[in-house]
Amino acid sequence: MIDLRSDTLTRPTPEMLAAMAAAPVGDDVYGEDPTINALEAKVAAMLGHEAGLFVTTGSMGNLLGIWSLVAPGQEVVCDVRAHIARAEMGAHAALHGTTMRTWTSPDGVTDAATIASVITPDAGPYLVSTAAVALENTHNFGGGTVQPYQHLVEVSALCRDAGVGLHLDGARLWNAHVATGVPLADYGRLFDTVNVCFSKGLGAPVGSMLVASAEVIAKARVQRKRLGGGWRQAGVLAAAADYALEHHLPRLGEDHVAAKAFAEQVVALAPDAVDVSSVATNIVVLSTGTRPAAEVAKAAAEAGVLVSALGAHMVRAVTYQQISLDQAASAGQILGGILAA
Ligand SMILES: *Cc1c(COP(=O)(O)O)cnc(C)c1O
């Protein structure tokens, strides 16, 4: 079985497990886990921010980042296919009273003009005031697409001028960085709060990091505990994340090559399924045309390939460390055959 449902399926390597076993640890609620403290300082510096908070999941990082920018009853605006809107189980509303409004965009790629047309800062007594904008880079359900750096610069300026906060869901910012060569800190400095994940293509079993100002992180640390997210000797997990940054970040480009190979094999048989030139990182979103996505995913599973049905006519395939170039290409042939039938 070639399992392309998600890069969250990446498994820890024996070397990563050894690094976890060797990590010095302490009680993180007391601020005494040296491996976590070192990781928080390292990732904050990598992203050009003052401080970091190691958290269980990307959802928790996004939840705390947006909470720090948006008061109850205010809104965050984001893409209609954003992970925060579709895949976080309504947590922003259910737990923090955050309302959301969305814009639509081709492949999840956004420009400043679209956002300028949607935000309503200081809307007065009749409309909901926009307190923050949230962007996703790379864009997961958009097909692993990369936000053009110039767009981000313009959105950042727009938000700062309007007094609106700016959050980055950078679950796969690593992939954007590898695809474009833009330094991580150049991305990070454009945003007030940034969440990054170690548990996707980087291959750590657990963990994400919120970075922001020291003041925001101090408050987020309290709110994390309130949500039940305080943890103790979690340095074993920080060690996995650190190992991933040192050893797996440099190999992420291989996943991008494999995703491209997958897409090329698909379009050789089913030319309308995807625009290969839009495949920028490790995610390929295929259009199933008039066929229900679930039916295509089922046929693929019977032929030995697992993909995710993420929309009525959209399936997603994701490459990661345990998927070889050959496996990606043969999976592409299988999907292409099914879509051409
Ligand atoms: C995976 C992901 C997250 C975080 O997911 P968790 O399962 O909560 O770690 C956030 N944003 C995007 C775009 C993601 O793909």
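**Exercise 1. State how many helices and strands the protein chain has, and judge its compactness.**

The protein chain has 14 helices and 12 strands. Here helices (H or I, at least four residues) and strands (E, at least two) are DSSP runs, numbered from the N terminus. Next, take the radius of gyration, computed over C-alpha atoms. For the protein chain this radius is 20 Å, close to the 20 Å that the globule rule gives for 341 residues, so the chain is as compact as a globular protein of that length. The globule rule is 2.2 Å times the number of residues to the power 0.38.

This is a predicted model, in which local features need pLDDT of at least 70, side-chain atom pairs count only at pLDDT 80 or more, and totals for chains, interfaces and linings use all residues. Residues are numbered from 1 along each chain as its sequence is written, and side-chain values use heavy atoms, with hydrogens and water left out.

**Exercise 2. Describe the shell around the ligand by class and by element.**

Begin with the residues around the ligand, among them T57, H83, E136 and K200; a residue counts if one of its heavy atoms lies within 4 Å of the ligand. Sorted by class, the shell has 1 nonpolar, 6 polar and 5 charged residues. Ala, Val, Leu, Ile, Met, Phe, Trp, Tyr, Cys and Pro count as nonpolar, Asp, Glu, Lys and Arg as charged, and the others, Gly among them, as polar. Helix α3 (residues 58–69) supplies the largest share, 3 residues.

**Exercise 3. Find the distances from G58, S59 and R172 to oxygen atoms of the ligand.**

For G58, a backbone N or O atom lies 2.9 Å from a ligand oxygen. For S59, the distance from a side-chain N or O atom is 2.6 Å. For R172, a polar side-chain atom lies 2.7 Å away. Each pair is within the limit for a polar contact (N or O atoms within 3.5 Å).

**Exercise 4. Locate the cis peptide bond and the positive phi.**

The bond from N137 to T138 is cis, with omega near 0 degrees. T138 lies in the loop between β5 (130–136) and α7 (149–162). M89, which is not glycine, has a positive phi near 60 degrees.

Methods:
A polar contact is a pair of N or O atoms within 3.5 Å; within protein, one must be able to donate a hydrogen and the other to accept it, and residues adjacent in sequence count only if both atoms are side-chain atoms.
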